[in-house]
Amino acid sequence: MGNIGIMGGTFDPIHNGHLMLGKQAYQEYQLDEVWFMPSGHPPHKNDRNITDPEIRLAMTKLAIHGKSGLVCSDFEVRRNGSTYTAQTLRLLRKAYPQHQFFFIIGADSLYEIENWYEPDQVLSQAVFLAARREYEDAHPSMEQQIAYLYNKYNADIRILHCEEMDISSAMLRERIAKGLSVSEYVPQEVLLYINDQGLYQQKDKA
């Protein structure tokens with residue numbers, strides 16, 4: 001049996017913040033591997049054009065190549081239709097019954113998870129590792145939110161102690177569209193791929 005971290009996301013593009021989160025989960029919770037799993041067709045992002053899944057998968061492979069414990073997975077990319085986390089976790093548990101899965105999320109997802117598709121199914125199928133970071137004052141503390149989700153869903157949520165990195169894929173797409181450098185935010189191999197493919201040259205419509 002292995003302890004496997006799942007680092008999901010659109011990864012459009014993948015950046016150093018994603019890698020830092022995955023590495024921290026791998027080290028802090030002594031996971032056997034962290035699977036970086038680009039989403040296929042995320043239902044919550046239908047309001048903008050998502051880069052082709054195979055391209056996002058290629059960038060993910062480049063980003064984690066040679067990094068101990070980090071693995072690129074095409075599990076969601078190979079699926080048809082919208083890819084919901086509840087369904088992904090269900091299929092993962094069926095395909096790999098020998099593994100215990102740890103789903104890695106940011107602090108924002110911890111507060112928004114009840115808006116996800118079948119949140120009760122999501123929270124019952126994995127241990128959740130939530131990255132600690134400052135969030136809006138209007139929210140309860142992370143400890144209060146974790147206690148709330150535990151009491152309501154019997155969710156196993158643990159805090160991931162990770163340095164905050166003020167970076168997002170949307171910010172990177174905007175910078176690239178404006179011709180600004182993103183070299184400090186993405187691995188060099190990913191940056192070369194973005195330039196070679198001419199990605200993100202136009203601003204998002206949404």
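1. Strand 5 is mostly covered in this predicted model: 5 of its 5 residues are buried. Val127, Leu129 and Ala131 point one way from the strand, while Phe128 and Ala130 point the other way, and all are buried. This arrangement follows a general pattern, in which the side chains of a regular strand alternate between the two faces of the sheet.

2. Strand 5 has a pairing partner on either side. With strand 4 the pairing is parallel and extends over 4 bridges; here phenylalanine 103 stands opposite phenylalanine 128 of strand 5. Strand 5 and strand 6 also run parallel and are joined by 4 bridges. In strand 6, isoleucine 157 is the bridge partner of phenylalanine 128. Phenylalanine 128 is thus a convenient reference residue for inspecting both pairings, with phenylalanine 103 and isoleucine 157 as its partners.

3. The sheet as a whole is open and contains 6 strands in the order 3-2-1-4-5-6, with parallel pairing. Its edges are strand 3 (70-72) and strand 6 (157-160), each of which pairs on one side only. From one strand to the next, the twist averages 30 degrees. At the edge formed by strand 3, the pairing with strand 2 (residues 33-38) is parallel and comprises 3 bridges. Within that pairing, valine 34 has leucine 70 of strand 3 as its bridge partner.

4. Two helices should be considered together with the sheet. Helix 1 (residues 16-28) packs on the sheet and touches strand 1 (3-9), strand 2, strand 3, strand 4 (100-105), strand 5 (127-131) and strand 6. The direction of helix 1 makes about 150 degrees with that of strand 2. Helix 6 (residues 142-153) lies across strand 5 and strand 6, and runs at about 160 degrees to strand 6.

5. Which residues touch the most other members of the largest nonpolar core? They are Ile14, Phe36, Met59, Ile104 and Leu129, in a core of 33 residues. At least two residues of this core are supplied by each of helix 1, strand 2, helix 2 (53-64), strand 4, strand 5, helix 7 (169-177) and helix 8 (188-197). A second, separate core has 27 residues, including Ile4, Leu89, Val122 and Phe128. Strand 5 therefore has residues in both cores: Leu129 belongs to the largest one, and Phe128 to the second. These two residues point opposite ways from the strand.

6. Isoleucine 104 merits separate attention within the largest core. Leaving aside residues up to four places away in sequence, isoleucine 104 touches Gly5, Ile6, Met7, Leu21, Ala25, Val34, Leu129 and Leu160. Among these contacts, Leu129 is another of the core residues that touch the most other members.

7. Leucine 172 is found in helix 7. Is this residue buried or exposed? Leucine 172 counts as buried because its relative accessibility is 0%, and the cut-off for burial is under 20%. Apart from residues up to four places away in sequence, leucine 172 touches Pro13, His15, Ile167, Val182, Tyr185 and Val186. The C-alpha atoms of leucine 172 and serine 183 are separated by 9.9 Å, the two residues being 11 apart along the chain.

8. The salt bridges number 7. In general, side chains of opposite charge can pair when their charged atoms come close. One of the pairs is arginine 132 with glutamate 143, whose closest N and O atoms are 2.3 Å apart. This pair links distant parts of the chain, 11 residues apart: arginine 132 is in the loop between strand 5 and helix 6, and glutamate 143 is in helix 6. Arginine 132 counts as partly exposed at 33% relative accessibility, as does glutamate 143 at 41%.

9. Two further salt bridges may be listed with their exposure. Arginine 158 pairs with aspartate 156, the closest N and O atoms being 2.9 Å apart. Arginine 158 is partly exposed, with a relative accessible area of 32%, and aspartate 156 is partly exposed with a value of 32%. The side chains of glutamate 174 and lysine 178 meet at 3.1 Å, N to O. Glutamate 174 is partly exposed at 37% relative accessibility, whereas lysine 178 counts as exposed because its value is 52% and the cut-off for exposed is over 50%.

Note on methods. Residues numbered from 1 in each chain as written. Predicted model: local features only at pLDDT ≥ 70, side-chain atom pairs only at ≥ 80, totals over all residues. Heavy atoms only, no water. Pairing = 2+ DSSP bridges. Axes fitted to C-alpha atoms, helices over the stretch in contact; angles between N-to-C directions. Contact = heavy atoms within 4.5 Å. Salt bridge = Lys/Arg side-chain N within 4 Å of Asp/Glu carboxyl O. Buried < 20%, exposed > 50% of the residue type's maximum accessible area, 1.4 Å probe, protein only. Core = buried A, V, L, I, M, F, W, Y, C linked by side-chain atoms within 4.5 Å.
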